[in-house]
Every structure is written in structure tokens, then in C-alpha cells.
Amino acid sequence: MSTNKIAVLLNWHATPYHLPIFLAQSKGYFKREGVEVAILEPNDPSDVTELIGSGKADLGCKAMIHTLAGKARGFPIKSIGTLMDEPFTGVIYLEGSGITTDFKSLKGKRIGYVGEFGKIQIDELTKYYGMTKDDYTAIRCGMNVSKAIIEGTIDAGIGLENIQQVELEEWCKANGRPASDVKMLRIDELAELGCCCFCSILYIGNEGWLAEHPKEAAGFMRAVKAAADDMFADPRASWAEYCKIKPVMNSQLNQIMFDRSFNYMSQDLVNVSRDWNKVTNYSRRLGIVPDDFVSNYTNDFVQWAVADEGDDAAGLAKQAEISRLQAEVATKGGVLLGQA
């Protein structure tokens, strides 16, 4: 039995930053474009590139570094746009853990990571700072890095500023500790990358499916762009709609995560060539892709006007502005919990 539905596989269980996908479904934007979509949530985020690459799902979401690695491993996948752009990612830890802003303070510590590429990144950083991978203990935690820090099974772990850092800050506040006790050593700064784009969350597709269904792929992108436009125009109404679709979103923690994700959300959904060049070179440095690797992305399905992405200096200026905005949201609240 066959189906005309597009199978869209998320990178993890429904999360606040997935709002545009669910909103496009509930508001009929997919239907308006003539496409039927089934939104799927994986039990293991490590399965996503393989499932899309093998044709068991048509489209989905995955971080840029995983998208590059997937192609390097022979999976025919390609990014067709951006959902969330450059979320700050790094080694998260608590004040009093013996870890400081000096990367070498991680020596002798237990460091948690989500999947294999997180470990590869930390291993490479140990070399960069005159250490070896034997100078720390790596513990795979999946998406439970915050839980592992709270339970004391790791001393620090790789996470996102808008997800795992928020979880830890809320735990601190519930346990009589200031949110400022949560610290992050940003990987982009440690590795001198000039961007956090290795963890940008992308819309990706199976290349065979994209070649056979260009109209459907373009329709999908127009639908999520319409939903993203709604989100930016009226974030509170869009969040209320999301909570109706996914009642699990209706919590204080998820509201905070959405506030902290909002500034990272892509407005034009474009794949930024400057970022792809940086992350492809970084992936070569990590040994994830070969020297002759060609980046696997396209903007063919982004069929609307986009702003000029600018040069490296513009990218750095954008990061500095996002850092300022995120610090403000962390203390004053954002589009949901800030003052109207």
C-alpha cells in the first residue's frame, strides 16, 4: 500500500522551536499548497539522517553538522532550508563544579554528550588546548544532559542555550539557586569558528524524493514560511495555537524555551552560504567529511526574496547582537513572558 502523504521526521520529540511545522498543519497551509503531511517524532535522534537517507521518511529536521556527516556516510540527504539559525551551543556546567571559563578545567571531569559528533568535538578541543581525550571521561547522555548534571552522573555536558541551559536554570531557581549558576563554554568561541551554525536546525530531504517531488517540496517550504510569518507577526497567538495542537507544550518551562528560541528562528528560512562554508571546513577539521567534500544544501525551494547574508564581519555582528538579546530575554522574559 502506498500513500501520497509526505513523511516529515523531526529531530526529536516536539519542541518549542518546531512551532512553524505544527502551525502550518493546523492552519491549513500544507493543504493550501496541495500537500498532505504526517509529522513524525523519533525515539532516538541519531536515527533521523539514516531514516531520511534510506527513504523511510521524505523530509525532516536535523542539525547542520549531522546533515554534512550523513552525506559523507553515503546517505543521499540535502538541506532545503533553515528552521533555527545558530543557537548557542556549548559545554554547560554549574557554578561550584570546579569548572571555570578555562577549558583546561575540564581535565578529570565527566562530560556528557548527545551523540557521537559531540564527543568528536570535545576530543578535538582537547587537542586544541594541549590535552588528550584521556584527560576527561565521556558519557553519552542522549537528550538527557540536564538531567544527568542534576543527578550528578556528569559534571558538565553539551547542550543548547535555549533548551538544556533553560532546563538547568529552572532547576536552580526551584532549588534556591540563582539561574546565573548555570554557565556555558561556547564551542564556537573555544574552537574560534566565528559562528554557532554547526547546530543550526535545518529542513532536510531525501535527494531522490526531492528530485521526484519538487512541487511538493516547494509547497512544504511555502507552508512553513507562511507559518513562520504568522509566528513573527503574533508570537503569543501562534504559541496558543501550538499548545492546542500539542498540549504538552502548555507549561512554564516550554514557554521559557520558546522565548529563548525566538531570536534564533529563521525568518527567511534560507540556507546561509557563509555558514555552510564555515561548518564544512570545521567538519573537515574534525575528520567528519573528506577534504574534497561538497556541501549538501540548496535554496532552490526558497522562492521568496531574502536579504543579503553579508560577509564574515556581518555574521559576527549578528552573533554579538543575538548574545545581547538572549541575555535580555534571560532576565526580562521574551515574546511570551516579557512585559507586553
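Let's start small: the side chain of Ser-105 reaches the backbone nitrogen of Thr-100 at 2.9 Å. Keep in mind that you are looking at a predicted model. Ser-105 sits in the loop between strand 5 (89–94) and strand 6 (110–113). You might expect a loop residue to be out in the open, but check the number: Ser-105 has 15% relative accessibility, so it counts as buried, the cut-off being under 20%. Setting aside its neighbours within four places in sequence, Ser-105 is in contact with Gly-98, Ile-99 and Thr-100.

Now zoom out. The protein is split into domain 1 (6–86 + 197–332) and domain 2 (89–191). Notice that domain 1 is written as two stretches of the chain. The C-alpha centres of the two domains lie 24 Å apart, and the contact between them takes 25 residues from domain 1 and 22 residues from domain 2.

How much area is buried between domain 1 and domain 2? It's about 2100 Å², and carbon and sulfur atoms give 60% of that. On the domain 1 side, Phe-198, Arg-260 and Arg-285 lose the most area to domain 2, together making up 25% of what that side buries.

Charges and polar groups take part here too. Between the domains there are four salt bridges and 11 residue pairs in polar contact. Several helices supply at least two residues each to the side of domain 1 that touches domain 2: helix 4 (64–72), helix 12 (252–262), helix 13 (273–286) and helix 14 (312–332). Helix 12 gives the most, with five residues. Sort that whole side by residue type and you get 15 nonpolar, seven polar and three charged.

Two of the residues we just met are worth another look. Arg-260 meets Glu-169 in a salt bridge, 2.9 Å from N to O. Arg-285 forms a salt bridge with Glu-124, with the closest N and O atoms 2.8 Å apart. This second pair links distant parts of the chain: Arg-285 is in helix 13 and Glu-124 is in helix 5 (residues 116–128), 161 residues apart. Are these two partners buried or exposed? Arg-285 is partly exposed at 37% relative accessibility, while Glu-124 is buried at 14%.

Other salt bridges join residues within one helix. An α-helix has 3.6 residues a turn, so residues three or four places apart point the same way. Take Lys-225 and Asp-229, whose side chains meet in a salt bridge at 2.9 Å, N to O. They are four residues apart in helix 10 (residues 214–233), which means they are separated by about one helical turn. Here Lys-225 is buried, with a relative accessible area of 15%, and Asp-229 is partly exposed, with 36%. Helix 14 has a pair with this spacing as well: Glu-328 and Arg-324 are four residues apart, so about one helical turn separates them. Their closest N and O atoms are 3.6 Å apart. The count of salt bridges comes to 23.

Two last stops. Arg-186, in strand 9 (residues 182–186), is buried with a relative accessible area of 13%, and its side chain makes a polar contact of 2.8 Å with that of Asp-188. Finally, find helix 1 (residues 19–26): six of its eight residues are buried, so it is largely enclosed by the rest of the structure. Among the buried ones are Leu-19, Ile-21 and Phe-22. After helix 1 comes Gly-28, with a positive phi near 80°.

Definitions and conventions: Residues are numbered from 1 along each chain as its sequence is written. This is a predicted model: local features need pLDDT of at least 70, side-chain atom pairs count only at pLDDT 80 or more; totals for chains, interfaces and linings use all residues. Side-chain values use heavy atoms; hydrogens and water are left out. Domain bounds come from an automatic or database domain assignment. Contact means heavy atoms within 4.5 Å. Buried area is the accessible area (1.4 Å probe) that two parts lose on being put together, summed over both. A polar contact is a pair of N or O atoms within 3.5 Å; within protein, one must be able to donate a hydrogen and the other to accept it, and residues adjacent in sequence count only if both atoms are side-chain atoms. Ala, Val, Leu, Ile, Met, Phe, Trp, Tyr, Cys and Pro count as nonpolar, Asp, Glu, Lys and Arg as charged, and the others, Gly among them, as polar. Buried means under 20% relative accessible area, exposed over 50%, partly exposed in between (1.4 Å probe, protein chains only).
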